[in-house]
Amino acid sequence: MLVRTDDEVYRVDAVWLGPPRATFPWRARYVSYGLGLLAMIFVMFLQRRVGIGLDFFSVAWALIATIVITRFLGKRIDYERPMGQVFASFWHEVTGPRRRTAVAGGPVRSAHVKVRVAAARGLAPAARPAPRRTTGGPRPGGARKEFRRARS
């Protein structure tokens with residue numbers, strides 16, 4: 001026995017067919033006209049903000065961009081996922097909490113970096129004499145002055 005579902009009812013698009021011989025040359029759902037109007041207003045607004053004037057070519061490019069945006073969004077809108085839900089999920093994705101990947105600044109320390117003066121000058125570690133330490137605290141120039149003094 002075959003059970004028929006009601007999916008065919010929902011697959012019918014709500015389109016304007018118009019009177020005979022006076023239809024549009026394209027098939028578009030009612031929601032696409034409203035979406036296209038909003039997309040056209042948005043694209044024209046962006047053009048003005050960027051500084052593009054109002055002439056034939058700017059309106060033509062705005063119309064092309066509107067068609068592309070409307071078709072892109074129209075493929076994602078159907079009876080199971082209405083336009084409001086698509087916009088709401090987009091808004092939640094944009095404003096949702098994210099894990100921080102940037103490091104918050106702080107002091108940079110180099111105390112953990114070992115510096116070998118002998119390796120920088122090309123001497124082997126065995127041929128290098130041990131530097132003499134003074135008891136008066138660190139001197140400007142530190143180990144380099146002590147190393148020069150010990151070598152000469």
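Contact here means heavy atoms within 4.5 Å, and with that criterion, residues 24 or more positions apart account for 37% of the contacts in the chain with a separation of 6 or more. The model on screen is predicted, and the tour below starts with the whole chain before turning to single residues.

**The whole chain**

Begin with the full chain coloured by secondary structure, where you will find six helices and zero strands, so that the order read along the sequence is α-α-α-α-α-α. Switch to a surface representation next: the accessible surface of the chain comes to about 13700 Å², and 63% of that area belongs to carbon and sulfur atoms. Of the 152 residues of the chain, 15% count as buried.

Now colour by pLDDT, for which the chain has a mean of 77, with 66% of its residues reaching 70 or more. Select residues 142-151, which make up helix α6, and you have the part where confidence is lowest, at a mean of 52, whereas confidence is highest in α3, at 93. Where pLDDT is low, the predicted coordinates should not be read in detail. Most of the remaining stops are concerned with helix α3.

**Helix α3: the buried residues**

Select residues 56-74, the span of helix α3, and pick out S58, which lies in this helix. Is S58 buried or exposed? Its relative accessibility is 5%, and S58 therefore counts as buried, the cut-off for that class being under 20%. Show the surroundings of S58, leaving aside its neighbours within four places in sequence, and the residues in contact with S58 are Q47, R48, I52 and G53.

Move along helix α3 to T66, which is also found there. T66 counts as buried because its relative accessibility is 6%. Which residues is T66 in contact with, once its neighbours within four places in sequence are left aside? They are G36, A39, M40 and V43.

**Helix α3: a partly exposed residue**

Go back to V59, another residue found in helix α3. With a relative accessible area of 32%, V59 is partly exposed, since this value falls between the 20% limit for buried and the 50% limit for exposed. Not counting residues up to four places away in sequence, V59 touches M40, M44 and L54. M40 is thus a residue to keep selected, as it is touched by V59 and is in contact with T66. For a distance label, choose V59 and M44, which are 15 residues apart in sequence and 7.7 Å apart in space, C-alpha to C-alpha.

**The nonpolar patch**

Select F56, F57, W61, I64 and V68 together and display their surface: these residues make a nonpolar surface patch of about 630 Å². One of them, V68, lies in helix α3 and counts as exposed, because its relative accessibility is 52% and the class begins over 50%.

Then hide the surface and show the side chains of the patch as sticks, looking for ring pairs. How many aromatic pairs does a search of the whole structure find? It finds one. F56 and F57 form this pair, which is edge-to-face, with 5.4 Å centre to centre and 75° between the planes. Both rings belong to exposed residues, F56 having a relative accessible area of 63% and F57 one of 58%.

**The salt bridge**

For the last stop, leave helix α3 and select E93 and R98. The structure holds one salt bridge, and E93 forms it with R98, the closest N and O atoms being 3.8 Å apart. This separation is to be read against a cut-off of 4 Å. On the surface representation, check both partners: E93 is exposed, and so is R98.

Definitions and conventions: Residues are numbered from 1 along each chain as its sequence is written. This is a predicted model: local features need pLDDT of at least 70, side-chain atom pairs count only at pLDDT 80 or more; totals for chains, interfaces and linings use all residues. Side-chain values use heavy atoms; hydrogens and water are left out. Helices (H or I, at least four residues) and strands (E, at least two) are DSSP runs, numbered from the N terminus. Buried means under 20% relative accessible area, exposed over 50%, partly exposed in between (1.4 Å probe, protein chains only). A salt bridge is a side-chain nitrogen of Lys or Arg within 4 Å of a carboxyl oxygen of Asp or Glu. pLDDT is the predictor's confidence in each residue, from 0 to 100. Accessible areas come from the Shrake-Rupley method with a 1.4 Å probe; for residues, only the protein chains shown count as cover. Patches are made of residues with over 30% relative accessible area and no salt bridge: like charges are joined within 9 Å, nonpolar side chains (Val, Leu, Ile, Met, Phe, Trp, Tyr) within 5 Å. Rings of Phe, Tyr and Trp (its six-membered ring) pair if their centres lie within 6.5 Å; planes under 30 degrees apart count as stacked, over 60 as edge-to-face and the rest as tilted.
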